[in-house]
Amino acid sequence: ITGKVRDLNTQEALVGVSGIIEGSDPLIGVSTDLDGSYKITAPTGSYTLKASFIGYNELKKFNIVLTSG
């Protein structure tokens, strides 16, 4: 799973946003880098990705499906 996190209004990259795959055991998570990018490696399956950052509302993306290949 890859992507970039930006402020909705300013389009500025958000550095240090925490992202986790909910329910993963052990926990699979990441923080965004200096340009707001992230990459999470996970096995095939269907996931909910949760992002959180101080001063912003938490965001969840449901039913992210990863397939092999």
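## A tour of the sheet, the pocket and a ring pair

Start by selecting S2 and S3: these strands run antiparallel and are joined by 4 bridges. The model is predicted. Within this pair, find Ile21, which stands opposite Ile28 in S3. Then follow the chain through the hairpin of S2 and S3. There are 6 residues between the strands. Stop at Gly23 in this hairpin and check its backbone: phi is positive, near 80°.

**The whole sheet**

Now widen the selection to the open sheet. It has 4 strands, in the order S3-S2-S5-S6, and the pairing is antiparallel. Select residues 28-31 and 59-66 to see the edge strands, S3 and S6. Each of them pairs on one side only. From one strand to the next, the twist averages 20°.

Move on to S5, residues 45-52. S5 pairs with S6 in the antiparallel sense, over 6 bridges. Which residue stands opposite Val65 in S6? Select Ser46: that is the residue facing Val65 across the two strands.

**The largest pocket**

Next, turn on a surface. Rolling a probe the size of a water molecule over the atoms shows where empty space is left. The largest pocket holds about 490 Å³ of space. It is lined by 24 residues. To find the centre, select Val5, Arg6, Val17, Ala51 and Leu59, the lining residues closest to it.

Colour the lining by element. S2 (18-21), S3, S5 and S6 each give two or more residues to it. Which strand gives the largest share? S5 does, with 4 residues.

Then colour the lining by residue class. The count is 12 nonpolar, 7 polar and 5 charged.

**The aromatic pair**

Finish with the rings. The structure holds 1 aromatic pair. Select Phe53 and Tyr56, its two members. Their ring centres lie 5.6 Å apart, and the planes meet at 45°. Why is the pair called tilted rather than stacked or edge-to-face? Stacked needs planes under 30 degrees apart and edge-to-face needs over 60, so the 45° between Phe53 and Tyr56 makes the pair tilted.

Keep both residues selected and look at their accessibility. Are these rings' residues buried or exposed? Phe53 has 27% relative accessibility, so it counts as partly exposed. Tyr56, with a relative accessible area of 38%, is partly exposed too. Buried would require under 20%, and exposed over 50%.

Key:
Residues are numbered from 1 along each chain as its sequence is written. This is a predicted model: local features need pLDDT of at least 70, side-chain atom pairs count only at pLDDT 80 or more; totals for chains, interfaces and linings use all residues. Side-chain values use heavy atoms; hydrogens and water are left out. Two strands pair if DSSP finds at least two bridges between them. Axes are lines fitted to C-alpha atoms, for helices over the stretch in contact, and angles run from 0 to 180 degrees between N-to-C directions. On a 1 Å grid over the protein atoms alone, a cavity is a set of points where a 1.4 Å probe fits but cannot get out, and a pocket is an open set with protein on both sides within 12 Å along at least five of seven lines; lining residues have an atom within 4 Å of a point. Grid points are joined across faces, edges and corners, and a volume is the space filled by probe spheres set on the points. Ala, Val, Leu, Ile, Met, Phe, Trp, Tyr, Cys and Pro count as nonpolar, Asp, Glu, Lys and Arg as charged, and the others, Gly among them, as polar. Rings of Phe, Tyr and Trp (its six-membered ring) pair if their centres lie within 6.5 Å; planes under 30 degrees apart count as stacked, over 60 as edge-to-face and the rest as tilted. Buried means under 20% relative accessible area, exposed over 50%, partly exposed in between (1.4 Å probe, protein chains only).
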